[in-house]
Every structure is written in structure tokens, then in C-alpha cells.
Amino acid sequence: MSNTGKRGTRELALCGMLAAMAMVFGYIESLLPIPYPFPGMRLGFANIAIIAALYLYGPRDAFIINIIRIVLSGLLFGNFNTFVLGFSGGMVSTAVMSLLKKTNKLNIVAVSAVGGVCHNITQVAVAMILLSTPTLIFMTPIFIVLGVITGAVCGVVARLFVKHVNKTA
């Protein structure tokens, strides 16, 4: 945000673009014919926009863009359970990534990987409650590994995007 406290046109436009990018990535991902081993599993590529927002503009904008993405995706493509799972995982992972970024001890790829793990663990915990299925706990190790892998991939792409945006600033 600028020194005057007003958001610049470029910054506002980029935040809008990041929200749209998150929606498009999420939608495209839902169309991919990938044989996921577990129901509800996704690669999480919409989070590239959230990580980019976090590193370009900070936690406030990352949360706002994530809320916009989750609410619109839930209304357009989901149901109550997908909304609750997406919202809980998204908010927890964004909070954790925001705290980790603030420490300046991890790079964007590591922060994203931890965010992916937190997202998945939160969703498993919430699914256990929503579906009254405590045996879902046994899926946690698999979702931790998947969170690290997909989170790192999202972090690499977000790092390239942030680097490009910063060059053009």
C-alpha cells in the first residue's frame, strides 16, 4: 500500500487479477481428469495466487483474495461440505504462511509447502468432524506428503510470478 494509505490502481488491479487467477486455476483443476486416490483431493494450484498475494502485498490481501476465491468457488462449483473444508483449510494455511513469512526464516517455497501441509491436515480434521468418520485420521500421513509436494510446486510457481511482478514494478 502506498504511503498515503490509498491503494494504487496498479496494486488494486493486480489483487483483482490474483483473485481471478485463483478462481480460474481452481476451476481448471476441477476439470482435469486426474485419477485422485482420495475423494475431494485437489492439487491446490489456486493457492499460487494466495502465496503471490502474501509476498506481494501482505497477509491482509492474501486473506481477502482467499476468502473471495473460496466463497465464489463454493457458490459456483461446490456444496456446503466443500465450502467448509475449503474455508477452514484456506484460513488456517494462510494464517500459518503469514506467520512464517513474518519470521523471514523460510523462503517462499518452504512457506508454501508448510501451508500445503496445514491446509491438508485442517481439512482432514474438519472432514472427520463433518462426516463423523474418525478413521480419516489414517489418511493424514499421505496428505502431509502430498501437501509438501503440491505446496512446494505452488511455491516455485509463485516465486517466479512474484519475481516477474517485482521486475515490472
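This is a short chat about reading helix contacts and ring pairs in a predicted model.

Me: Where do I start with two helices, say helix 2 and helix 4: how do their axes cross?

Reply: Look at the distance between the axes and the angle they make. Here helix 2 (residues 47-57) and helix 4 (residues 80-103) have axes that come within 11 Å and cross at roughly 35°.

Me: And is the crossing of helix 2 and helix 4 left-handed or right-handed?

Reply: The crossing of these two helices is right-handed.

Me: Which residues in helix 2 and helix 4 meet?

Reply: From helix 2 you've got I50, I51, L54 and Y55, and they meet T94, M97, S98 and K101 of helix 4. Sort that contact by class and you get 5 nonpolar, 2 polar and 1 charged residues.

Me: What does the charged end of K101 sit over?

Reply: Try the ring of Y55: the charged end of K101 sits over that ring, 5.2 Å from its centre.

Me: How many aromatic pairs does a search of the whole structure find?

Reply: The search turns up 2. In one of the aromatic pairs, F83 and F87 are stacked, with 5.8 Å centre to centre and 25° between the planes. Planes under 30 degrees apart count as stacked, so that angle fits the label.

Me: Where do F83 and F87 lie?

Reply: Both are in helix 4, 4 residues apart, which is about one turn of the helix.

Me: Are they buried or exposed?

Reply: In between! F83 is partly exposed, at 29% relative accessible area, and F87 is partly exposed too, at 33%. Buried would need a value under 20%, and exposed one over 50%.

Definitions and conventions. Residues numbered from 1 in each chain as written. Predicted model: local features only at pLDDT ≥ 70, side-chain atom pairs only at ≥ 80, totals over all residues. Heavy atoms only, no water. Axes fitted to C-alpha atoms, helices over the stretch in contact; angles between N-to-C directions. Left-handed = near helix turned anticlockwise from the far one by under 90°. Contact = heavy atoms within 4.5 Å. Nonpolar A, V, L, I, M, F, W, Y, C, P; charged D, E, K, R; others polar. Phe/Tyr/Trp six-rings, centres within 6.5 Å; stacked < 30°, edge-to-face > 60°. Buried < 20%, exposed > 50% of the residue type's maximum accessible area, 1.4 Å probe, protein only. Lys NZ or Arg CZ within 6 Å of the ring centre and 35° of its normal.
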